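Work through the exercises below with the model open. Try each task before reading its solution.

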Amino acid sequence: MTLPPIHETMILVIGLVGVLTTASLVAGILSWRAPKPLSSTLVNLTQRINAWWVMVVAITVAFFFGRTGMTILFALISFAALREFVTLTHSRRSDHWVLLGMFGIIIPFQYWLVWTAWYGLFTIFIPVYCFLLMPAITALNGDTERFLERVSAQQWAVMISVYCVSHVPALLTLNVPGFEGRNLLLIAFLIITVQGSDVLQYIFGKLFGKHLLSPTVSPSKTWEGLVGGLAASSLLGALLSFLTPFSPLQAAAVALVACLMGFLGGLVASAIKRDQGVKDWGHLIEGHGGMMDRADSLVFAAPVFFHTVRYFWSV
Amino acid sequence: MTKLHLRANTFTLLQTVTSVGLSALAWVVTGVRPIWNGSQPSERQRIYFANHASHGDFILLSACLSEKVRARTHAVAAAEYWGKSRLRRYIAEDMLSSVLIHRQWTDEAQNPISIMLLVLDQGHSLILFPEGTRNTSDEPLLPFRSGLYNLSMARPEVELIPCWIENMSRVLPKGQFLPVPLLCRVVFGPAVTIAPGEDRRAFLERARQTLLALNPRPDRDD
């Protein structure tokens, strides 16, 4: 896999560093002028921006190692996300070997399929073979206590944290005519629009939010935030169309679909957390939760983005 | 016993390597994080007492202590199990620098309290599992054995710190040797002291309740 043209990569890196530097400066000035001790909102803002820096550095490093780097990075993200999911849900002592298999077999094998670009097995390995064999093993273990609940939790854990996440590096296996060697930019496009949409929805919600969208699931999501955020991130997608094989209008449409899926991912993640009685997925990142708290939107957006590009653009 | 005397002062190279290696492993597998909820990290002499469900418990707890504290803190382990073969004894004493005691003893030289007091009298700290064995029951915490009370009566100046180890029974259940990676926290609670006139049984139950109260998710049933 060759690296994308240096020109676009440079624009991308300079743009991201510029945005984050501005964000850090603004947060720094706000914290400097604000009364001490700092409000939790300000502390949280700074922590979020710092997490973004870590994210950008990790992805940039993986970027320069091409498909291998991206595959390893997202396998590690799957590991962290799966660990959070399994920690949160109910399991019993008899599930030990199934749980071990999820970490020790399913993650490596699924990402090996990505790395070797074995599309046929990549799409069915988890939803066909794992989903049938995992409950079979659980049944063979003979422990039927809360059987359906345990099996469902395990399958959702693998679906969300491994299957969905693996569609991000799988973008590198697509063959889009006239776009050869530049697939890494598709990953950049997906992550920037979807994560950007999270931030934009938050900002629009804070500025104009009035009507709660789903008060029983999330007290912070509003219709104004959703509509404003989606409109702004579609515009962001159109502006980034130079990274992609899409025209500006197509880029806006693709970004809109991805960000809508991202919104739904966040909503589902909130519902799961609420059901389990926790505020955050974990404690991976100091002060603000775990991997899934940052990646929930990407998880839902990635497979749909992947199949959109595959159906309409690849051969 | 003489063995313990000679080497309890500082870690050997093997013990340092083992302890750094195991702490790193604990972090990779469980992302372990200490929650100080009523006490603070300190180099004071302490007895850390914790719930016990897995061989990994002591590794997780020590991973939450600083390297300096760890070098002067010894887990108390059962000689019936860890003294069974030369290999186990080597792992327990030479690598993990634990203190082996006999749960069933007749010979006064094997009196567990005197052995633990010897360690305390060198200024070192202990990690103690007062349930006496790994808990595989459905109860969150078994009744405490009396060692904690006897030690505190003999050395009241040593702080007793309750430590709730979360999830470790799911990571490495008794009888398994491969750990499932799950997130774990260790919650360190406020120091417990024997109240004036408090009898053994009342104190042990109160210490047990203090430890139970640290469980961050008491509602979950696995």
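The exercises that follow concern a predicted model.

**Exercise 1. The sheet of chain B**

Task: Determine the strand order of the open sheet in chain B and name its edge strands.

Solution. Step 1: the sheet is built from seven strands, and reading across it gives β1-β7-β6-β2-β5-β3-β4 of chain B. Step 2: the pairing is mixed. Step 3: β1 (33-36) and β4 (99-101) of chain B each pair on one side only, and these are the edge strands. Step 4: direction ignored, neighbouring strands are turned by 25 degrees against each other on average. Step 5: helix α3 (residues 56-63) of chain B packs on this sheet, where it touches β2, β3, β5, β6 (159-165) and β7 (185-188) of chain B. The direction of α3(B) makes about 115 degrees with that of β6(B).

**Exercise 2. Strand β5 of chain B**

Task: Find which strands pair with β5(B), in which sense, and which way its residues point.

Solution. Step 1: on one flank, β2 (residues 46-50) of chain B runs parallel to β5(B) and is joined to it by three bridges. Within this pairing, B:Tyr48 has B:Ile127 as its bridge partner, and B:Phe49 stands opposite B:Leu128. Step 2: β3 (residues 73-78) of chain B also pairs with β5(B) in the parallel sense, over three bridges; here B:Thr73 stands opposite B:Ser125. Step 3: recall that side chains in a regular strand alternate between the two faces of the sheet. Step 4: in β5(B), B:Ser125 and B:Ile127 point one way, B:Leu126 and B:Leu128 the other, and all are buried.

**Exercise 3. Domains and core**

Task: Locate the largest nonpolar core relative to the domains of chain A.

Solution. Step 1: the domain assignment divides chain A into domain 1 (1-64) and domain 2 (66-312). The C-alpha centres of these two domains lie 22 Å apart. Step 2: the largest nonpolar core has 132 residues, and those with the most contacts inside it are A:Leu82, A:Leu190, A:Ala302, B:Leu60, B:Leu61 and B:Cys163. Step 3: both domains of chain A give residues to this core, so it lies between them. Step 4: take A:Ala302 as an example; leaving aside neighbours within four places in sequence, its contacts are A:Cys164, A:Val165, A:His167, A:Val168 and A:Leu190.

**Exercise 4. The contact between the chains**

Task: How many residues does each chain give to the contact, and which elements of chain A take part with two or more?

Solution. Step 1: chain A gives 16 residues and chain B 13 residues. Step 2: on the side of chain A, α3 (66-88) and α4 (96-115) are the elements that give two or more residues. Step 3: sorted by class, this side of chain A has five nonpolar, seven polar and four charged residues.

How values were computed
Residues are numbered from 1 along each chain as its sequence is written. Chains are lettered from A and ligands numbered from 1 in the order in which they are written. This is a predicted model: local features need pLDDT of at least 70, side-chain atom pairs count only at pLDDT 80 or more; totals for chains, interfaces and linings use all residues. Two residues are in contact if their C-beta atoms, placed from the backbone, lie within 7 Å. Helices (H or I, at least four residues) and strands (E, at least two) are DSSP runs, numbered from the N terminus. Ala, Val, Leu, Ile, Met, Phe, Trp, Tyr, Cys and Pro count as nonpolar, Asp, Glu, Lys and Arg as charged, and the others, Gly among them, as polar. A nonpolar core is a set of buried Ala, Val, Leu, Ile, Met, Phe, Trp, Tyr and Cys residues joined through C-beta atoms within 7 Å. A residue is buried if 20 or more other C-beta atoms lie within 10 Å of its own, exposed if 12 or fewer, and partly exposed in between; C-beta atoms are placed from the backbone. Domain bounds come from an automatic or database domain assignment. Two strands pair if DSSP finds at least two bridges between them. Axes are lines fitted to C-alpha atoms, for helices over the stretch in contact, and angles run from 0 to 180 degrees between N-to-C directions.
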